[in-house]
Amino acid sequence: MKHRSGRLELICGSMFSGKTEELIRRLRRASIAQQQVQVFKHSLDQRYDEIKLASHSGADLAALPVTSAAEILANLRPETTVVGIDEVQFFDYEIVALVQELADRSLRVVMAGLDLDFRGEPFGPIPYLLSVAEYVDKYHAICMVCGEDACRTQRLVNGQPAYYDDPVILVGARESYEPRCREHHLVPHREPQAALADRA
Ligand code: TMP
Ligand code: MG
């Protein structure tokens, strides 16, 4: 039962907002609907399990770890109708062309990933994916400081906010990150936004 037309769905938001859990939920429903589902995740993320999608709350689903868009294509089975991709922010820009091609071939592609890095800046290919996806959902966690909706991820190094010029990629969970709202998200050593606007 192939879908009549393909589509791209992007589930994004901060860490601990339930992205992977929602991805698993959609893929399980697709299986119940007799779709042929294949699941990939970026192999940088081996926090809970190497060959599974695993949410912070404990839900899981078997997934093939890959490092590139080409590897997804090489492992795609001809009968597959629904493709799930977790940690999509870690892929390079080739992922955009790949998922577009899959949707053009009438596949449904469901992706999950961080919209923003710890600095509050767009993460990898996400801005492109936000534009080309037919369906976009932004999820929120709870700010660990005030309890409001959290749209950002605070990186903490020895309990202190990480500096702006820290490396963008640092795999981790509760030991290094917590969700925060805009007001309580701190990035020391970042130039004020006004200075950036002056330069533009
Ligand atoms: P999650 O969104 O599924 O919880 O996982 C996000 C992963 O991304 C986690 O391993 C931490 C990592 N990460 C970075 O590498 N850099 C960042 O700036 C942030 C916020 C997360
Ligand atoms: Mg996740």
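This passage describes a bound ligand, one helix and three buried strand residues in a predicted model. Local features were taken only where pLDDT is at least 70 and side-chain atom pairs only at pLDDT 80 or more, while totals for chains, interfaces and linings use all residues. Residues are numbered from 1 along each chain as its sequence is written, chains are lettered from A and ligands numbered from 1 in the order in which they are written, and side-chain values use heavy atoms, with hydrogens and water left out.

The ligand makes a good starting point. Around ligand 1 there are 19 residues, of which K19, H56, E87, F118 and V168 come nearest; a residue belongs to this shell if one of its heavy atoms lies within 4 Å of the ligand. By class, the shell comprises 10 nonpolar, four polar and five charged residues, where Ala, Val, Leu, Ile, Met, Phe, Trp, Tyr, Cys and Pro count as nonpolar, Asp, Glu, Lys and Arg as charged, and the others, Gly among them, as polar. Polar contacts are pairs of N or O atoms within 3.5 Å; within protein, one must be able to donate a hydrogen and the other to accept it, and residues adjacent in sequence count only if both atoms are side-chain atoms. An N or O atom in the side chain of K19 is 2.7 Å from an oxygen atom of ligand 1, and a backbone N or O atom of F118 lies 2.7 Å from an oxygen atom of the ligand. The side chain of Y177 places an N or O atom 3.4 Å from a nitrogen atom of ligand 1. Taken alone, the ligand exposes 490 Å², and the protein buries 99% of that (Shrake-Rupley method, 1.4 Å probe).

K19 also belongs to helix α1, residues 19-32. Helices (H or I, at least four residues) and strands (E, at least two) are DSSP runs, numbered from the N terminus. The 14 residues of α1 should span 20 Å at 1.5 Å a residue, and the end C-alpha atoms are 20 Å apart, so the two values agree; the expected span is 1.5 Å times one less than the number of residues. Within α1, K19, T20, E22, L23, I24, R26, L27 and A30 are buried, that is, under 20% relative accessible area (1.4 Å probe, protein chains only). After the helix comes Q34, with a positive phi near 70°.

Two of these helix residues, T20 and L23, are touched by D86, a residue of strand β6 (residues 82-86). D86 is buried at 4% relative accessible area, and a polar contact of 3.0 Å joins the side chains of D86 and T20. Contacts of D86 (heavy atoms within 4.5 Å) also include F40, K41 and H42.

Q38 sits in strand β2 (residues 37-42) and is buried, with 6% relative accessibility. Its side chain reaches the backbone at two places: the oxygen of N75 at 2.9 Å and the nitrogen of R77 at 2.9 Å. Q38 and N75 are 37 residues apart along the chain, yet their C-alpha atoms are separated by 9.4 Å.

Q154, in strand β11 (residues 152-157), is buried at 1% relative accessible area. Its side chain forms a polar contact of 3.5 Å with that of R180 and has a polar atom 2.7 Å from the backbone nitrogen of L186. Among the residues that Q154 touches is Y177, whose side chain approaches ligand 1 to 3.4 Å.

How values were computed:
Buried < 20%, exposed > 50% of the residue type's maximum accessible area, 1.4 Å probe, protein only. Lists of a residue's contacts leave out its neighbours within four places in sequence.
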